[in-house]
Amino acid sequence: MAVQPFEESSARDFGRPGRDNLSGMLPPKLAMMMINLSQTKTNEKILDPFCGSGTILSEAMLMGYKNLIGSDSAEKAVEDTINNIKWIAEKFNQDNPDIDVFKCQVELLDEKISADSIDAIVTEPFLGKPLKGREVKEELIKQANELKSFYLETLKIFKKILKPGGRVVIVIPRFKFNNEWVTISIRDEAMKLGLKPDILIEDKQFLLYSRPDQRVGREIWKFIKPL
């Protein structure tokens, strides 16, 4: 049996002032799941380097986290995040949040954030261009390969700024072609970078978040920087 406050979650999703439907929206309930999977204490520091409209930061704030940082390469995303955090704080009677949000390309993040300073990174990066359902398989494979390179370069940066024992909970997309998935395999390469994949539930190293009619599925992965 599962219980979820879907009306509250929907209100936080569709009622907020800053939204970007073109780039996709992380559902608040998924953001909450990812924060829980990070197993981060409320006094520890969480970073979302692809903050988008601030869903992960907003949910973390509502869950009692105080030490939050967000960044994004898009000015609109930074503005939306700031506005949405203020809106969430007012609507749900939160204390005035002291959340650091700034514009930054992810590849420059280690110039803005000190090495070995972040307890957890919880994030959904760029998932690729929106799909129309008419793509041939070769297009999806090409996009998957391009994104794989981007994610691995991103994980290199993450490892620099994470504390020893720090965690990354990240979304990796997969793309629907007819009745099969085109997937992005980063497990082995991430291990070579020095990030260990964590077991999430029983023997599963990732969780799949997807509806049957979706063209893009979300794989939720967790990696740990060794002590």
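This passage walks through some helices and strands of the structure and the surroundings of one arginine. The model is predicted, so local features are reported only at pLDDT of at least 70 and side-chain atom pairs only at pLDDT 80 or more, while totals for chains, interfaces and linings use all residues. Residues are numbered from 1 along each chain as its sequence is written, and side-chain values use heavy atoms, with hydrogens and water left out.

A good place to begin is strand β4 (residues 118–123), where helices (H or I, at least four residues) and strands (E, at least two) are DSSP runs numbered from the N terminus. Six of the six residues of β4 are buried, so this strand is largely enclosed by the rest of the structure; buried means under 20% relative accessible area, against over 50% for exposed and in between for partly exposed, using a 1.4 Å probe and protein chains only. Strands count as paired if DSSP finds at least two bridges between them. Strand β1 (residues 46–48) runs parallel to β4 and is joined to it by two bridges, with I46 partnered by A120 of β4. β4 also pairs with β5 in the parallel sense, here over five bridges, and T123 stands opposite I170 in β5. Together, β4, helix α6 (residues 137–161) and β5 form a right-handed β-α-β unit; right-handed means that, with the strands pointing away from the viewer, the path from the first strand over the helix to the second runs clockwise.

Strand β5 (residues 162–177) is also home to R174. This arginine is buried, with a relative accessible area of 11%. Its side chain makes a polar contact of 2.8 Å with that of E219; a polar contact is a pair of N or O atoms within 3.5 Å, and within protein one must be able to donate a hydrogen and the other to accept it, while residues adjacent in sequence count only if both atoms are side-chain atoms. Beyond its neighbours within four places in sequence, R174 is in contact (heavy atoms within 4.5 Å) with residues including W181, F206, R215 and E219.

Two helices complete the picture. In α2 (residues 28–38), the buried residues are P28, L30, A31, M34, I35 and S38. Seen down the axis of α2, these fall within an arc of 160°, so they line one face of the helix; the arc is that of the directions from the helix axis to the C-beta atoms. After α2 comes Q39, whose phi is positive, near 55°. Helix α3 (residues 55–62) is mostly covered, with seven of its eight residues buried, among them T55, L57 and E59. Just after α3, G64 has a positive phi of about 100°.
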